[in-house]
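Got your viewer open and a selection box ready? Here is a walk through one model, stop by stop, with something to pick at each.

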Amino acid sequence: MKKDVIVIGGGIVGLMCAYNLHKRGREVTVIDEGTIENATSFGNAGLLSSFDKTPLSYPGVVSNTLKLMLKGQSPAIFHPSLDLKLYKWLYRFVQSANEVRTKKTMMLFEKYGQISIDIYKDLVYKEGIDFDFHHDGMLSVFTQKHTYKEKLDKYNYIDEEDRFEIFDDAKIKEYLPFANDKIEGAILFKKNAHIDPKKLMLGLKKYLQNQGVEFILNEKITDIKYENNKVKYIYSENKNFYEAETFVMSTGYKTNLAKKANKELMLTPAKGYSITFSMPKELKPKTSTIFNDLFIVMTPRFNDVRLTSKLELGSDDPEVVQKQIDSIKKNFKEYSIPFEMKDEVTWSGFRPLTPNDIPLVGRDENYSNLIYAMGLGWLGMTFAPSIGNIIGDLVEHNQKNAHNDDILLFSGFYQY
């Protein structure tokens, strides 16, 4: 039987698309090659960091990364590859590292980040989904004097008490009781938030199932059949066919299906790592914390703490590399007092990263019933609700890309 809307991919973006489409009265089927419990979204830091956080590609990123490499603290790892697309991506990344692009990206981050936070609040307070939502800011910690001074110079002229707070030593110790005296400074950016990704994913999946959204799991889609400028059906590894009025492709870093539509998506798999552990309660950070100069995020959770870091390009190895875990620990421990990390759980996964942190959202140019919701990289949790909202508008109103202002603003198909 022909379905209404099929969402291919059950990560956080796919689930948020399903949620938004369901709320608009559409009958939704989510198809995922796994069980969803093992999606990349589960390894996310849970930091919702759309306010006052620069994109990965910013002015000075190349020189700053080289400096960290010389100190042995660089989060970036590059594996030489024969894939020319990776070098094209790197070129576009460097081209995006300019003041104009960064300013524009940060403005878009704020616009769509606020939409996402409002939707998260609806999930908590209207839908009753508990995922440890805390709207208590993001602490940006600086371990280098010059980067702290640059940030202070930028924000000292802004008179917005509800937006940020510059911490003195006593306040840093209150928020980061584990920190040693090597911290150069810290700023609390109050509009950001954090969540527990696992609780969100499981809670949202359960909610959608209870609402009648169909889930077809352990079903890997391998091919797409086109007819008359539309997707006629998709085909699975298990030899099943699925027809639908609309198909939403939300397959993370995997672009094989897009290639079947002759669509070369400008994104690359960026491998990241996380370490989840318990620590003495009196030492836990008070809120989500980003070590600005180390690209390490530390997020307090109900029973534990999670560290996330690393940006590994050119790798196709899905396994946890202990050397990278040790590197994260070494960099982190340089700025903390000694304590034992107990019950450690390590993880690695690939994020779908675009050169400018702008997602790839919108209808395919050749196949009108195929929609992309891809490329959110390390900001999947931050922007997935707003992407779901954009997809909802596109489907509900049967819009072309040119008639949807959000796609023209916030899609990498139209932003360079």
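## Stop 1: a buried ring

Start by selecting Phe 131, which counts as buried at 0% relative accessibility. One thing to keep in mind as you click around: this is a predicted model.

Add Phe 133 to the selection. Its relative accessible area is 13%, so Phe 133 is buried too, given that the cut-off is under 20%. The rings of Phe 131 and Phe 133 make an edge-to-face aromatic pair, with 6.3 Å centre to centre and 75° between the planes. How many aromatic pairs does the structure hold? The count is 20.

For a tilted pair, hop over to Tyr 235 and Phe 241. Their ring centres are 4.7 Å apart and their planes meet at 50°, which is why the pair counts as tilted. Tyr 235 is partly exposed, at 23% relative accessibility.

Now select Phe 178, Phe 277, Phe 291, Phe 332 and Phe 339 together: ring pairs link these residues into a cluster. Keep Phe 332 in mind, as it comes up again below.

## Stop 2: lysines over rings

Show Lys 111 and Tyr 112 as sticks. Lys 111 lies over the face of Tyr 112, 5.4 Å from the ring centre. Then do likewise for Lys 263 and Phe 413, where the lysine lies over the face of the ring at 4.6 Å from its centre.

## Stop 3: the nonpolar cores

Which residues have the most contacts inside the largest nonpolar core? Select Tyr 120 and Ile 391: these are the ones, in a core of 64 residues.

Expand the selection around Tyr 120. Leaving out residues up to four places away in sequence, Tyr 120 touches Met 16, Leu 48, Phe 131, Phe 133, Ile 195, Leu 200, Met 381 and Pro 385. Both rings from the edge-to-face pair of the opening stop, Phe 131 and Phe 133, are on that contact list.

There is also a second, separate core, with 28 residues; among them are Ala 186, Met 298, Val 305 and Phe 332. Phe 332 is also part of the ring cluster you selected earlier.

## Stop 4: salt bridges

The whole structure contains 21 salt bridges. Here are a few to click on.

Pick Glu 264 and Lys 85, whose side chains meet in a salt bridge at 3.3 Å, N to O. Glu 264 sits in the loop between α8 (256-260) and β14 (268-278), while Lys 85 is in helix α3 (residues 84-96), so the bridge ties together parts that are 179 residues apart in sequence. Buried or exposed: what is each partner? Glu 264 counts as exposed, at 51% relative accessibility, whereas Lys 85 is buried, with a relative accessible area of 17%.

Next, take Asp 223 and Lys 260, with a salt bridge of 4.0 Å, N to O. This one joins distant parts of the chain, with Asp 223 in strand β10 (residues 221-227) and Lys 260 in helix α8, 37 residues apart. Asp 223 is partly exposed at 31% relative accessible area, and Lys 260 is partly exposed at 40%.

Then try Glu 344 and Lys 329, whose closest N and O atoms are 2.7 Å apart. Glu 344 lies in strand β18 (residues 342-353) and Lys 329 in helix α9 (residues 322-333), 15 residues apart. Glu 344 is partly exposed, with 34% relative accessible area, but Lys 329 counts as buried at 15%.

For a network of salt bridges, select Arg 24, Asp 393 and Glu 396, which are linked in one.

## Stop 5: helix α9

Lys 329 leads you to α9, so colour that helix now. α9 has 12 residues and spans 16 Å from its first C-alpha to its last, close to the 16 Å expected at 1.5 Å a residue. Its buried residues are Gln 324, Ile 325, Ser 327, Ile 328, Lys 329, Asn 331 and Phe 332. What do they pack against? Show β4 (76-78), β14, β15 (288-291), β16 (296-300), β17 (305-313) and β18 to see their packing partners.

## Stop 6: Tyr 226

Finish in strand β10, with Tyr 226. This tyrosine is buried, with a relative accessible area of 16%. Among the residues it touches, not counting those up to four places away in sequence, are Val 231, Leu 257, Lys 260, Tyr 367 and Leu 370. Lys 260 is the salt-bridge partner of Asp 223 that you selected earlier.

For a last distance, draw a line from Tyr 226 to Ser 288: they are 62 residues apart in sequence and 46 Å apart in space, C-alpha to C-alpha.

Terms used:
Residues are numbered from 1 along each chain as its sequence is written. This is a predicted model: local features need pLDDT of at least 70, side-chain atom pairs count only at pLDDT 80 or more; totals for chains, interfaces and linings use all residues. Side-chain values use heavy atoms; hydrogens and water are left out. Rings of Phe, Tyr and Trp (its six-membered ring) pair if their centres lie within 6.5 Å; planes under 30 degrees apart count as stacked, over 60 as edge-to-face and the rest as tilted. Buried means under 20% relative accessible area, exposed over 50%, partly exposed in between (1.4 Å probe, protein chains only). A charge sits over a ring if NZ of Lys or CZ of Arg is within 6 Å of the ring centre and within 35 degrees of the ring normal. A nonpolar core is a set of buried Ala, Val, Leu, Ile, Met, Phe, Trp, Tyr and Cys residues joined through side-chain atoms within 4.5 Å. Contact means heavy atoms within 4.5 Å. Helices (H or I, at least four residues) and strands (E, at least two) are DSSP runs, numbered from the N terminus. The expected span of a helix is 1.5 Å times one less than its number of residues.
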